[in-house]
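Work through the exercises below with the model open. Try each task before reading its solution.

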Amino acid sequence: MRALLLAPAALIGCATTPPAPAATLPPSTPVATVCPTTAPERAAFMPGRVLGGRVEKVCLVGAGDETSLRLREELAPREGTKSDEDAVRSDLSALFATGLIREARVYGDVLPSKGVRLTYVVVERALVTTVRLEGAPALTPELRHQLEVKGFRDTATQRARLRDLATQFYESQGYAEAAIDFEPKPVAGGVELVMKVTEGPRFLVQALSFEGAKAIAVKELEKVVQTKPGNPVRSEVVAQDALRLNDAYFDRGYVAASVSHARLALPSGATDVTFTITEGPLFRVGDIVLKGALTPAALKGLETKKGAVFSPAAVRRDLERLRERARKDQGELEVTPFTELDEQKKTVKLTFEGTAK
Amino acid sequence: MRVLPSVVAPLVALAASAQPVLVDRIAAVVDGEPVFQSDVERRASRDDPDAKAPQQRLRALARARLDLIDAKLIAKDFRVTPTDAEIDAAIDGVAKGAKLDRAALEAAVTRHGMSLAEYREVLRSQLLELRWLMTRSKERSVSISSDAEREALRTSLVVELRKRAVIEVFE
């Protein structure tokens, strides 16, 4: 029985107002004017017990004086209003959005007056007094300076920002396995955030090869790709290089060519990058058809000719020619190209369709 | 059982009514957007209505929280929210599929402890996820004709989204 009587009394305890046992409170005692100093140890999720009741008191617990003042600004004055879920959520969101806290809960209890007391319990985010880098010899002094910031709250977003900054650098330098962890260490006035970096090997391109390349000389392909021997291996650049090679073949009539890429890295980081090319057959231009608002006369001025090696670049130039010609003769036309592959004949049928804008 | 003295009994009643309850809390944050415990509780009750034992309930709550985090990630990745008219059409579709008229469907929904507004939000979220999945499958030229394919693509997409996002979970 004592335990049951003590629980509410502990909750209404306040640093400035000594708690009076509930049992001795005269009816006129303004219980609602006091706030608890700590969060309840156990409280079931039962919002229905208090939502809908008239708010008599709003309390804020868990933050230091300075932070409390700032957080108080975010809490809407709800005293005298009906407590409801949306209002509580709005307050929780506003508190969290300050970036000053890492947890926010709201408890409610029914006062002897039948009014509701809402108690927002927050956990402050630690103030990072310094960021200290551990195990990051490859970092440039400029980047170190950017990372070793101070005087911010330890939020997941801030950590992600620091991590992204370092990760971008490491990826650009070929440290594809660099790992970054954070460890906050309490110091006077906050925490020192230790940024632990495990750089791992530096992957540099040792050799570049183009397997299956026959129609285009290797020397030419080497110019197409941005991956070069001696440079850091960058996954996204290697992937883009495969697309560049594909385009190079496509532009030379190898419209069915495909390019894949593979890397073989030694423990030292020296890496062989191999592009495997399946060239496929050479395609030539088949019939060229003009449709819609395009007149047959337009065929004359086209660079693309039947029987020539199919070239998307030439088709693009022809599109411009057709639009320009139409502009002079007929007015603005939208010209759309359509292609149709004939796998047997190894030809590409081209259709240009003109529609008035 | 010991009988309480008459002077103590009313105080016990007072204590019981004054016992604080958790009204809500931030259960997780996804790229700065909170996931509320009240939504987690509702979702768990809806998806795992039979999880009554404490351990079962805890598992259901953890599952519901993760589902809500994923729903937020998907909504952020695919910002085309279904309109009210589309939700109405979806409700009509569900009613037709269940061989019910609209009123009977709505009655069934409320019988299951869900308000119509909540039901509309559930459908909105499901519709959004379906469209997101279809769009992404087209972009990647991946088939989602079977449940297994759909689930596999969803899982891999959600894993990618989780990696890109800043997610904080509060126990």
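A:Gly174, which follows α5(A), has a positive phi, near 90 degrees. Keep in mind that this is a predicted model.

**Exercise 1. The helix before the glycine**

Task: Compare the reach of α5 of chain A with the expected span, then find which of its residues are buried and what covers them.

Solution.
Step 1. Helix α5 of chain A covers residues 156-172, 17 residues in total. From first to last C-alpha it reaches 24 Å, close to the 24 Å expected at 1.5 Å a residue.
Step 2. List the buried positions of α5(A): A:Ala156, A:Ala160, A:Leu162, A:Ala166, A:Phe169 and A:Tyr170.
Step 3. Look for the cover. In chain A it includes β4 (127-134), α4 (141-147), β5 (152-153), β6 (179-187) and β7 (190-198). Chain B also takes part, through β3 (167-169).

**Exercise 2. One leucine of α5**

Task: Find which residues A:Leu165 contacts, leaving aside its neighbours within four places in sequence.

Solution.
Step 1. Place the residue: A:Leu165 is in helix α5 of chain A.
Step 2. Apply the contact cut-off, heavy atoms within 4.5 Å. With those neighbours left aside, A:Leu165 contacts A:Leu143, A:Gln146 and A:Leu147.
Step 3. Check one partner along the chain. A:Leu143 is 22 residues from A:Leu165, and their C-alpha atoms are separated by 8.2 Å.

**Exercise 3. Aromatic pairs**

Task: Describe the geometry of the pairs A:Phe169 with A:Tyr170 and A:Phe250 with A:Phe310.

Solution.
Step 1. Start from the total: the whole structure holds 6 aromatic pairs over all chains.
Step 2. A:Phe169 and A:Tyr170 are edge-to-face, at 5.3 Å centre to centre with 70 degrees between the planes. Both A:Phe169 and A:Tyr170 are buried. Together with A:Tyr175 they form one aromatic cluster.
Step 3. A:Phe250 and A:Phe310 are also edge-to-face, at 6.4 Å and 90 degrees. This pair links distant parts of the chain, 60 residues apart. A:Phe250 sits in helix α7 of chain A, and A:Phe310 in the loop between β11 (284-292) and α8 (312-329).
Step 4. Classify the burial. A:Phe250 is partly exposed, because its relative accessible area is 32% and the buried class ends under 20%. A:Phe310, at 4%, counts as buried.

**Exercise 4. A three-stranded sheet**

Task: Give the strand order of the sheet with β8, β10 and β9 of chain A, and explain why β8 and β9 each have a side without a neighbour.

Solution.
Step 1. The 3 strands form an open sheet in the order β8-β10-β9, with mixed pairing.
Step 2. β8 (204-211) and β9 (258-265) of chain A stand at the edges with a single partner strand each, so one side of each lacks a neighbour in the sheet.
Step 3. Neighbouring strands are turned by 20 degrees against each other on average, direction ignored.
Step 4. Count the bridges: 8 join β9(A) to the antiparallel β10 (residues 270-278) of chain A. In one of them, A:Leu264 has A:Asp272 in β10(A) as its bridge partner.
Step 5. Add the helix. α7 (residues 235-251) of chain A packs on the sheet and touches β8, β9 and β10 of chain A. Its direction makes about 150 degrees with that of β9(A).

**Exercise 5. The largest core**

Task: Which members of the largest nonpolar core touch the most other members?

Solution.
Step 1. Of its 26 residues, A:Leu71, A:Leu92, A:Leu118, A:Tyr120, A:Val122 and B:Ile26 do.
Step 2. Elements giving two or more residues are β1 (55-61), α3 (85-97), β2 (101-110) and β3 (116-124) of chain A, with β1 (21-30) of chain B.

Key. Residues are numbered from 1 along each chain as its sequence is written. Chains are lettered from A and ligands numbered from 1 in the order in which they are written. This is a predicted model: local features need pLDDT of at least 70, side-chain atom pairs count only at pLDDT 80 or more; totals for chains, interfaces and linings use all residues. Side-chain values use heavy atoms; hydrogens and water are left out. Helices (H or I, at least four residues) and strands (E, at least two) are DSSP runs, numbered from the N terminus. The expected span of a helix is 1.5 Å times one less than its number of residues. Buried means under 20% relative accessible area, exposed over 50%, partly exposed in between (1.4 Å probe, protein chains only). Two strands pair if DSSP finds at least two bridges between them. Axes are lines fitted to C-alpha atoms, for helices over the stretch in contact, and angles run from 0 to 180 degrees between N-to-C directions. Rings of Phe, Tyr and Trp (its six-membered ring) pair if their centres lie within 6.5 Å; planes under 30 degrees apart count as stacked, over 60 as edge-to-face and the rest as tilted. A nonpolar core is a set of buried Ala, Val, Leu, Ile, Met, Phe, Trp, Tyr and Cys residues joined through side-chain atoms within 4.5 Å.
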